[in-house]
Amino acid sequence: MRQQLWQVVRFGLVGVVNTGTFYLLYLAFHPYLPYFAAFSAAFFLSMVGSFFLNTYFTYRTRPTLRKFLLFPLPNITNYLVQSGGVFALVEWVRVDDRIAPLLAAAVAIPITFVLSRMVLTGRGPGPAAGSAQGDDLGPAPVRVEVVEQ
C-alpha cells in the first residue's frame, strides 16, 4: 500500500511538470492557432516527455518501444476527456479558453493514472503484491529462509 501511495505522489509530480509543459506550449501556440488546434498540438508534444518521466520516475520501469507505442492508449482517453471538457467549458459554459484546459485536466488525471499504470507496469489499479515484473527497476523482493541446524 505504501509503495502505491508513493507511486501516486510521483505520478502527481510528473503530472504537475507535464501540465506545466503542456500549458506553456498551449500558450505559445494559442496566438497562432485556433484554441483547439493549439490544445491538440501541445497535448501530443507533451505526451512524449510524459512517457519518459512516467517510465523512469513514476513507475520505475524501463522504457521500451512496445510501451512507447502503447502509451498513447491511456493518453487518447485522456485527450478525449480533456478535449471534450475544453470544448464544453469554452462553448457552453463560456470559460476563458486560456483557463479551460487546466479545469478539464483535473477530471482526466485519475483515469490517466490507472490506464498508464496498466500500460507501463502491466499492473492494474490494485496493490502490486505478488507481481514480479522483469523490467522493474525498483528493489526486488527477496525471500529469506531461516534454517536451524
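**Figure 1. Overview of the protein chain in the predicted model.** Of the 149 residues in the protein chain, 35% count as buried. The model is a predicted one. The protein chain contains 5 helices and 0 strands. Along the sequence, the pattern reads α-α-α-α-α.

**Figure 2. Close-up of helix 1 and helix 2.** Two packed helices are described by the angle between their axes and the distance between the axes. Helix 1 covers residues 2-29, and helix 2 covers residues 35-58. Their axes come within 8 Å of each other and cross at roughly 150°. Angles over 145 degrees count as roughly antiparallel, so helix 1 is roughly antiparallel to helix 2. The crossing of these two helices is right-handed. Sorted by class, the residues in the contact of helix 1 with helix 2 are 17 nonpolar, 7 polar and 1 charged.

**Figure 3. Close-up of helix 1 and helix 5.** The axes of helix 1 and helix 5 come within 11 Å and cross at roughly 135°. With that angle, helix 1 is oblique to helix 5. The crossing of helix 1 and helix 5 is right-handed.

**Figure 4. Close-up of helix 5, its span and its bend.** Helix 5 runs through residues 100-121 and has 22 residues. At 1.5 Å a residue, helix 5 should span 32 Å. The C-alpha atoms at its ends are 31 Å apart, which agrees with the expected span. Helix 5 bends by about 45° at Ala108. A proline, Pro110, follows within four residues of Ala108.

**Figure 5. Close-up of the buried residues of helix 5.** Ala108, where helix 5 bends, is one of the buried residues of this helix. Others on the list of buried residues include Ala100, Pro101, Ala104 and Ala105. Also buried in helix 5 are Thr112, Phe113, Ser116 and Arg117. Val119, Leu120 and Thr121 are buried as well.

**Figure 6. Close-up of Arg62 and Leu120.** Arg62 lies in the loop between helix 2 and helix 3, the latter being residues 65-70. The relative accessible area of Arg62 is 45%. Buried means under 20% and exposed means over 50%, so Arg62 is partly exposed. Leu120 is a buried residue of helix 5. Arg62 and Leu120 are 58 residues apart along the chain. Their C-alpha atoms are separated by 8.7 Å.

Conventions. Residues are numbered from 1 along each chain as its sequence is written. This is a predicted model: local features need pLDDT of at least 70, side-chain atom pairs count only at pLDDT 80 or more; totals for chains, interfaces and linings use all residues. Side-chain values use heavy atoms; hydrogens and water are left out. Buried means under 20% relative accessible area, exposed over 50%, partly exposed in between (1.4 Å probe, protein chains only). Axes are lines fitted to C-alpha atoms, for helices over the stretch in contact, and angles run from 0 to 180 degrees between N-to-C directions. Angles under 35 degrees count as roughly parallel, over 145 as roughly antiparallel, 65 to 115 as roughly perpendicular and the rest as oblique. A crossing is left-handed if the near helix is turned anticlockwise from the far one by less than a right angle, and right-handed if clockwise. Ala, Val, Leu, Ile, Met, Phe, Trp, Tyr, Cys and Pro count as nonpolar, Asp, Glu, Lys and Arg as charged, and the others, Gly among them, as polar. The expected span of a helix is 1.5 Å times one less than its number of residues. The bend at a residue is the angle between axes fitted to the seven residues ending there and the seven starting there.
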